[in-house]
Amino acid sequence: MRFKEQTPDEFLISELKNNKEEAFDCIFRRYYKGLCAYATNYVYDLDQAQSLVQDCFVKLWANRDRADSIESLPAYLSRMVRNRCIDHIRQVKSLEKLHEKLELEEFVINAENSLLSREFEELLVKAISALPKKSKMAFEYSRFENLTYKEIGVKMNISSKAVEALLSRALKLLRKDLQPYITAVVLAIMVWMSKL
């Protein structure tokens with residue numbers, strides 16, 4: 001059954017609840033472009049906006065058994081898209097903070113390598129070897145192959161969020177194992193900066 005453009009939203013919602021893909025297609029065609037324009041106001045990137053809107057439609061289909069709770073389809077979809085955009089923005093900001101933190105830690109690790117001789121390098125190799133398998137793998141992809149979270153996630157068949165958690169765990173364990181050296185490097189950096 002093909003729905004006409006003027007088919008009321010209420011009917012489409014009831015048909016959606018009854019697993020009618022044609023109703024879903026009609027809703028998608030009716031609201032997709034407008035929701036993409038709406039999402040672009042939040043994320044300022046059309047490709048990202050389209051991806052977020054598609055996520056919302058996937059969620060709408062997945063939760064179709066609860067469709068009868070939808071009072072206004074445009075309001076419901078707009079709210080879904082807005083919430084998804086806000087979640088995305090928070091995630092991006094969180095990743096940016098983590099990247100800044102990782103860059104600082106990478107600077108400290110690089111400073112340690114140049115200041116603390118072969119003994120430190122041996123300890124670092126030992127500490128990395130002692131990491132749990134997945135944390136070690138994520139850390140090596142990040143540090144030695146310079147892969148992004150997304151690229152690491154693809155290689156390891158996990159989400160970017162899982163990669164973030166693995167790297168956070170790896171850095172926490174390394175920080176603990178290398179604490180005496182990190183303190184020495186921070187002090188050396190402070191002395192060096194005071195001479196500038």
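**Exercise 1. Disulfides**

Task: Establish how many disulfides the structure has, and describe the surroundings of Cys85.

Solution: Start from the general idea that a disulfide is a covalent bond joining the sulfur atoms of two cysteines. In practice, the criterion is a pair of cysteine sulfur atoms within 2.5 Å. Applied to this structure, that rule gives a count of zero disulfides. Cys85, for its part, is in no disulfide, since the nearest cysteine sulfur, which belongs to Cys56, is 7.1 Å away, and a disulfide requires sulfur atoms within 2.5 Å. Next consider accessibility, where buried means under 20% relative accessible area, exposed means over 50%, and partly exposed lies in between (1.4 Å probe, protein chains only). Cys85 has a relative accessible area of 0% and is therefore buried, and Cys26, with 3%, is buried as well.

A note on the basis of these values: the model is predicted, so local features need pLDDT of at least 70 and side-chain atom pairs count only at pLDDT 80 or more, while totals for chains, interfaces and linings use all residues. Residues are numbered from 1 along each chain as its sequence is written, and side-chain values use heavy atoms, with hydrogens and water left out.

**Exercise 2. The fold as a whole**

Task: State how many helices and strands the protein chain has, and what share of its residues counts as buried.

Solution: Helices (H or I, at least four residues) and strands (E, at least two) are taken as DSSP runs and numbered from the N terminus. On this basis the protein chain has nine helices and zero strands, and its pattern along the sequence reads α-α-α-α-α-α-α-α-α. Of its 196 residues, 35% count as buried. Contact means heavy atoms within 4.5 Å, and among the contacts with a separation of 6 or more, 60% come from residues 24 or more positions apart.

**Exercise 3. Two packed helices**

Task: Describe how helix α2 packs with helix α3, and sort the contact residues by class.

Solution: Two packed helices are described by the angle between their axes and by the distance between those axes. The axes are lines fitted to C-alpha atoms, for helices over the stretch in contact, and the angles run from 0 to 180 degrees between N-to-C directions. For α2 (residues 21-43) and α3 (residues 46-62), the angle is about 140° and the axes are 8 Å apart. The contact includes Phe24, Phe28 and Tyr32 of α2, together with Leu52, Phe57 and Trp61 of α3. To sort the residues, count Ala, Val, Leu, Ile, Met, Phe, Trp, Tyr, Cys and Pro as nonpolar, Asp, Glu, Lys and Arg as charged, and the others, Gly among them, as polar. The contact of α2 with α3 then has 16 nonpolar, four polar and one charged residues.

**Exercise 4. Salt bridges**

Task: Give the number of salt bridges, and work through the pairs Asp9 with Arg30 and Arg90 with Asp87.

Solution: A salt bridge is a side-chain nitrogen of Lys or Arg within 4 Å of a carboxyl oxygen of Asp or Glu. By this rule there are five salt bridges. In one of them, Asp9 pairs with Arg30, and the closest N and O atoms are 2.5 Å apart. This pair links distant parts of the chain, because Asp9 is in helix α1 (residues 9-17) and Arg30 in helix α2, 21 residues apart. Asp9 counts as buried at 14% relative accessibility, whereas Arg30, at 27%, counts as partly exposed.

In the other pair, the side chains of Arg90 and Asp87 meet at 3.9 Å, N to O. Because these residues are three apart in helix α4 (residues 73-115), about one helical turn separates them. Arg90 is exposed, with a relative accessible area of 57%, while Asp87 counts as partly exposed at 41%.

**Exercise 5. Individual residues**

Task: Find the helix that holds Tyr149 and the helix that holds Ile89, then list what each residue touches.

Solution: Tyr149 lies in helix α7 (residues 149-156) and, at 6% relative accessibility, counts as buried. Leaving out residues up to four places away in sequence, Tyr149 touches Leu95, Leu98, His99, Leu102, Ser160, Val163, Glu164 and Leu167. Ile89 lies in helix α4 and is partly exposed, with a relative accessible area of 27%. With the same sequence neighbours of up to four places left out, Ile89 touches Tyr42 and Val43. Although Ile89 and Val43 are 46 residues apart along the chain, their C-alpha atoms are separated by 7.3 Å.
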